[in-house]
Amino acid sequence: MSGRDDILRALRRAAPPPLPLPEWSGRAMRFDDPVSSFLKSVAAVAGTPLRVPDLAAADAAVRGLETWTRARLTASLVPGVGRSSLDLDSVGAPQDLRDLEVAVVSGAPAVAENGAVWIPGSRLGRHRAVFVIAEHLVLVVKAEDVVHTMHQAYDRIRLERPGWGCFVSGPSKTADIEQALVIGAHGARSCAVVVVG
Amino acid sequence: MAPTIGLFVPCYVDQLYPEVGWASLRILRQVGAEVEFPREQTCCGQPMANSGCAAEARPLAERFLSIFGRYDQVVAPSGSCVAMVRHHYRELLGDRPDLERVASRTFELCQWLVDVRGVSRVEGEFRRKVGLHKSCHGLRELRLGKSSETVGAPYDKVQQLLAPLRGIELVELARADECCGFGGTFAVAEEAVSCMMGRDRLADHEKAGAEVITGADVSCLMHLQGLARREGRRVEVMHVARILEGARLS
Amino acid sequence: MSAGLPVPPGQHARAAARFVANEVRAHRHDAAGWHLRSNRDRGAGSVPEWEALREAASAIKAHTLSRLADYLEEFERNARQNGIQVHWARDGAEHNAIVHGILAGHGVARVVKSKSMLTEECGLNPYLEARGVEVTDTDLGERIVQLLGEPPSHIVVPAIHRTKEEIGELFQRRLGTPAGLTDPTRLTEAARHHLRQKFLSAQAGITGVNFAIAETGGVVVVTNEGNADMGTSLPPLHVACMGVEKVIPRARDLGVLLRVLARSATGQPCSVYATHFHGPLRGGEMHVVVVDNGRSAILARDAFRRSLSCIRCGACLNTCPVYRRSGGYSYGATIPGPIGSVLSALRDPRAHADLPFASSLCGSCSDVCPVRIDLHHELLAFRRELSGRGLVPLGKRLTMKLLSLVMRSPRLYALAGRAARFLLRRAPWALRLGPGAAWARQRALPSGPAASFRELWDRQASAEKGGLP
């Protein structure tokens, strides 16, 4: 407890005169066709962009993915898109998802400038590990949920408290070995993003 | 009445590269400036200041103000010395009206020609392939040009003065504004890195086909020339004033 | 041996000379850093409002620093409401003890850790290992240097000083990969399998904190590899370590900060994962350890306070022509490069008196910094600080005193100039001795003109006088 008091006291003593907190009112980039720009951004981050008119088409698109057709263990948290080959609710420990090959998850908003999708923890079911432990990730987003930049994304996000949420942009990657870009580090090796509508 | 300009010739230019001082003088006179060279000048104090020795730099800063305070404008063929006066004298002397006056009226040569004199025409020729070395103080302190790090519309006052010369070919470097490695006492205190930096610049210019390397700071050029000569490289090194002194500016 | 070993503090020039002497390695390291810088340029250049974003990021951080205690209290209040336990550590020793205490309280013997320069600074790994806790660094670069038994040499790309051949050889020894395997994709695959076992068997996950949100009581951790997420979604216990300066006022401020972070680090528009933790896993626990360790002292310094704005993007390292050619180890500090030089010198000016001089003051760092820290000016200001404390080497001080004396007298100055020119013309060998040697070893000396500018001016003036009727 006294550590806390010491630190806060030291910080207060050291504080400079107050400076204002700016409101970002700057002109942020805008896209003529945000959905199209979002899809381009997804491709740029080594994701696989797909655009479909409705949920049924999304289902067909997901089932048509090579990663899906090859998979035995799949999980879908998006009703009507793909299917779960296991009952996620009855999985006891997140480690038990270790062999999961494809996870289908929905998110909103989706950010055009960088291909990121916000996934609130409440959409991941019992084990949030599902989105990172699966070999392949499929993100389903609605076209109306596409925003231009992160500023607008934060305007829309309601942070669940207590809770968890994550922006995911493309498959996991690293360039730690001689700056050579390698797709697939510890998270998903591929990330298909299906924009519906 | 044309403003009277005090010509500041940095110590190492005065002693080792007087031709750069003369070229600067010729250019200023050619555009109609009334120029004086106050004889009592010596050094702006930058080497001391950059070594952290503020006490040793302060008297020189005071000298500079008292010598050049009488002029309407002060012009120097040196981005680093001008940056010292404009931006760093304040750290030595605090906020003072006499400092503010002199600092705001002290310019690097190309800066003065473009921003103050408004030179828009350069008639002359220089039929060579030229690599422009963008010295760091001039670039990132005086903003003689847009640095490659910043995002915005490109501009470069030195290039602006060179580009119209007939026959000149400004080569494109791989690293447009990487530091040459002089850095004052850095050149000797960190000799290895300094020389590797300089050699890398020379290699860049060579690869781009430069026959002449130019820039607005003699210190950088001195370092690059020293390395080039020691290695027997054929590239010539010339201060921008030497390239412009034969031209007609208006 | 070929990578150069970490050196004790205070030896930058010497260590850098050794680094430069291995030309192949030095050029490769330089090219690696420049590659990151080029990618950064492309990323930044794709945002027309980039400079306005930098200004906003700078202002958010500056404002926060002016109210740090308030924001930390707000953060703690809200974090507690989320079920997060908040601890406070005055220094590295307290931090280590707290983290260990949490782990020991749960009987944890195996921990996975994602990148945290703070834990490097506090020496957490050896502390835990000495107490029987296995710590696996899970960022690929960090795992590589961990297996090599060396510290990271870059804050974002920890193994930038190592070749794929060296990593292949390491993986063969420690992970059983085939001899001669150097392909980065296959090496990464091997690391994925190896680290996956560690994630699955981990009993706790330690992470750093990129941003702590005061308004909502959450912490944000950013990675490309997903290692922080694997490490915090599998084991039930999460310990997040943060410096006091990591707090930001509101979630919406991330709109600015996340837009500049990844672009500055690697040029990507954003990192792959930006995870916002607002509570523990169901049935688990989450702890945040807030650490001072000298930061309040830096906050008190007008000239250096802004260095606390650093968001650890690494852009200043990548752009620094000196860092690229001397390697991280030459700095003898946890964080190398421009920001590391400022922070280390602040922490221990005596030990790191060399670092503010390990710079040509080119200013490139300041121009890339996403939060507009005036890095090169802070380095210059620190030189004055060192001089004031008597920590500038005697030789340099005496030289400057002598030079200053000479420069204060036009007559002495002219005399000295004439003498120097004479020597350059007639006896340049004399100038190659002593201090001149450091110039003349690799560079030709300037020629000594017969007359200085002022001598020529005097002649012209007297000739004109003489020419007047």
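**A buried glutamine, two interfaces and a covered strand**

With a relative accessibility of 1%, B:Gln41 counts as buried, because anything under 20% falls in that class. This value, like the others here, comes from a predicted model. B:Gln41 sits in a loop of chain B, the one that runs between strand 2 (34-36) and helix 3 (46-50). What does the side chain of B:Gln41 find there? One of its polar atoms lies 2.8 Å from the backbone oxygen of B:Leu7. Once neighbours within four places in sequence are set aside, B:Gln41 is in contact with B:Leu7, B:Phe8 and B:Val9, with B:Arg63, B:Ile67 and B:Phe68, and with C:Arg454. The last name on that list belongs to chain C, so to speak of this loop is also to speak of the place where chain B meets chain C. The wider contact between these chains takes 77 residues from chain C and 69 residues from chain B.

Chain C and chain B bury about 6,300 Å² between them, and carbon and sulfur atoms account for 58% of that area. There is plenty of charge to look at here too. How many salt bridges does the rule find across the interface of chain C and chain B? The count is 12 salt bridges. One of the salt bridges joins the side chains of C:Arg384 and B:Glu91, with N to O at 3.1 Å. Polar contacts also cross this interface, with 41 residue pairs found, both residues at pLDDT 80 or more. On the side of chain C that touches chain B, helix 2 (residues 23-45) of chain C gives the largest share, 10 residues. Sorted by class, that side of chain C holds 37 nonpolar, 18 polar and 22 charged residues.

Back in chain B, B:Asp98 offers a contrast with the glutamine. B:Asp98 belongs to helix 6 (residues 97-104) of chain B. Is B:Asp98 buried, exposed or partly exposed? At 36% relative accessibility B:Asp98 counts as partly exposed, because that value lies between the cut-offs of 20% and 50%. The side chain of B:Asp98 makes a polar contact, at 2.9 Å, with the side chain of B:Arg96. The chain also brings B:Asp98 and B:Leu65 to 7.5 Å from each other, C-alpha to C-alpha, although 33 residues separate them in sequence.

Now for chain A. Which chains share the most contacts? Of the two pairs of chains in contact, that is chains A and C. Chain A and chain B, on the other hand, do not touch, and their nearest C-alpha atoms are 14 Å apart. On the A and C side of things, 73 residues of chain A are in contact with 99 residues of chain C. The area buried between chain A and chain C is about 6,900 Å², with 59% of it from carbon and sulfur atoms.

Between chain A and chain C there are 13 salt bridges. In one of them, the side chains of C:Arg259 and A:Glu113 meet at 2.8 Å, N to O. Polar contact links 39 residue pairs across the interface of chain A and chain C, both residues at pLDDT 80 or more. Several elements of chain A each supply at least two residues of the side that touches chain C, and they are helix 1 (2-14), strand 5 (116-120), helix 5 (130-133), helix 6 (150-156), strand 8 (163-168) and strand 9 (173-174). Helix 1 of chain A gives the largest share of that side, 10 residues. By class, the side of chain A that touches chain C has 39 nonpolar, 17 polar and 17 charged residues.

Strand 8 of chain A does something extra at this interface. Six bridges join strand 8 of chain A to strand 9 (residues 273-278) of chain C, and the two run antiparallel. Within strand 9 of chain C, the residue opposite A:Gly165 is C:His276.

Chain A has pairings of its own as well. Strand 6 (residues 136-142) of chain A is mostly covered, with six of its seven residues buried. Which strands pair with strand 6 of chain A? One is strand 3 (residues 102-106) of chain A, which pairs with strand 6 in the parallel sense over five bridges. A:Val104 has A:Val138 in strand 6 as its bridge partner. Another is strand 11 (residues 190-196) of chain A, joined to strand 6 by seven bridges and also running parallel to it. Here A:Val140 stands opposite A:Val194 in strand 11 of chain A.

Definitions and conventions: Residues numbered from 1 in each chain as written. Chains lettered and ligands numbered in written order. Predicted model: local features only at pLDDT ≥ 70, side-chain atom pairs only at ≥ 80, totals over all residues. Heavy atoms only, no water. Contact = heavy atoms within 4.5 Å. Buried area = accessible area lost by both parts, 1.4 Å probe. Salt bridge = Lys/Arg side-chain N within 4 Å of Asp/Glu carboxyl O. Polar contact = N/O pair within 3.5 Å; in protein donor to acceptor, adjacent residues only side chain to side chain. Helix = DSSP H or I, 4+ residues; strand = E, 2+ residues; numbered from the N terminus. Nonpolar A, V, L, I, M, F, W, Y, C, P; charged D, E, K, R; others polar. Pairing = 2+ DSSP bridges. Buried < 20%, exposed > 50% of the residue type's maximum accessible area, 1.4 Å probe, protein only.
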